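Colleague: Could you take me closely through one strand of this model and its surroundings, and then follow the packing outward from there? I would like one connected account rather than a list.

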Amino acid sequence: MQAALSTTETELPFLSQQAHAPLIRKDESNQDWFLGLRHAQIRFSADDRLLLLHGHPIVFRLGLHVAAEHALAGEPVVYLDGAHTFDPFFIGRMARAHKRQPRALLAMIHVARAFSCHQLERLVSDCLMSALDRYQARLAVLSGLFDTLYDKALPEQEAMRLFGRIMQASQKLAEHGYILLFLSPHAPLLTRASRRCLDQLRMQADRVIRVHEDLGLVKLDDEGEGGSHWEIPRTALEIS
């Protein structure tokens, strides 16, 4: 579902909230793992509030797994799509794989698309907190933050100002107990501003995982202390 951005409202323009029962069986869920990455058995602590997956474009597929599996567990998700990669058909295949109705699963994932860095900044700074509260969601996925900052026509000072506001709002959300997952594939050519922003996000995030692919394996490298490494078969992320 695509939501149009309003220029006057300060809330995300989604459908009204409805009560939802869990869509996944109790024995299928594992609250100790960040569900979308459970194939690699990556453990996250309660203090991991700002999470960054960066590198290979398959981070978008990992983000869809995160959103779908939280929804299957009965947990609403807010998904801000700055890269226009949200795939409702993939979510539908996830639903059918768990013998659930695609419409019910999609209703748990509240999507808004941004078409510019100014729109994305406004969604994060002015709308996200109220949307998370309204939909009783604890997780927000921010897809393609830097895709909106790769515009070379955007002055560097303006890009840094917008990024600063996004990070200020993100830190405030984290302090309120929300989890923010940033999905940021690397562009072939980074602008100086986007490179600076990525470096700052890597420093401010509680958990940073670099994602790359080799010979059918999706490899994830934790950039924190300890330098853990995981591998996921690419086929484990594909739902037919």
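Modeller: In this predicted model, β1 and strand β6 (residues 207-214) pair in the parallel sense, with five bridges between them, and within that pairing L53 has I209 of β6 as its bridge partner. β1 also runs parallel to β5, to which six bridges join it, and here L51 stands opposite L181. Six of the six residues of β1 are buried, so the strand is largely enclosed by the rest of the structure. In a regular strand the side chains alternate between the two faces of the sheet. In β1 both faces are covered, since L50, L52 and H54 are buried on one side and L51, L53 and G55 are buried on the other.

From the strand one can pass to the nonpolar packing. In soluble globular proteins, nonpolar side chains tend to be buried together. The largest nonpolar core here has 42 residues, among which L80, L128, F146 and L180 touch the most other members. β1 (50-55) is one of the elements that give two or more residues to this core, the others being β2 (77-81), α4 (117-134), β4 (139-143), α5 (156-175), β5 (179-185) and α6 (192-204). The largest share, nine residues, comes from α5. F146, when its neighbours within four places in sequence are left aside, is in contact with F163, S184, S194, C197, L198 and L201. A second, separate core of 37 residues includes V77, I109, V141 and L237.

Among the contributors to the largest core, α4 deserves a closer look. α4 has 18 residues and reaches 24 Å from its first C-alpha to its last, close to the 26 Å expected at 1.5 Å a residue, although a kink of about 60 degrees is centred on C127. C127 is itself buried, as are C117, L120, E121, R122, L123, V124, L128, A131 and L132 of this helix, and the buried residues of α4 pack against β2, β3 (109-113), β4, α5 and β5. Just after the helix, Q136 takes a positive phi of about 55 degrees.

α4 is also joined to α5 by a salt bridge: R165 pairs with D126, with the closest N and O atoms 4.0 Å apart. R165 lies in helix α5 and D126 in helix α4, 39 residues apart, so that distant parts of the chain are linked. R165 has a relative accessible area of 34% and is therefore partly exposed, and D126, at 38%, likewise counts as partly exposed.

This pair belongs to a wider set, for a search of the whole structure finds twelve salt bridges. In another, E238 pairs with R61, their closest N and O atoms being 3.0 Å apart; E238 is in the segment after β8 (229-233) and R61 is in helix α1 (residues 59-72), 177 residues apart. R61 is buried, with a relative accessible area of 18%, whereas E238 is partly exposed at 38%. E238 also forms a salt bridge with R234, again with closest N and O atoms 3.0 Å apart, and R234 counts as partly exposed at 28%. Together with E213, the residues R61, R234 and E238 are linked in a network of salt bridges.

Terms used
Residues numbered from 1 in each chain as written. Predicted model: local features only at pLDDT ≥ 70, side-chain atom pairs only at ≥ 80, totals over all residues. Heavy atoms only, no water. Core = buried A, V, L, I, M, F, W, Y, C linked by side-chain atoms within 4.5 Å. Buried < 20%, exposed > 50% of the residue type's maximum accessible area, 1.4 Å probe, protein only. Helix = DSSP H or I, 4+ residues; strand = E, 2+ residues; numbered from the N terminus. Contact = heavy atoms within 4.5 Å. Expected span 1.5 Å × (residues − 1). Bend = angle between axes of the 7 residues up to and from the residue. Pairing = 2+ DSSP bridges. Salt bridge = Lys/Arg side-chain N within 4 Å of Asp/Glu carboxyl O.
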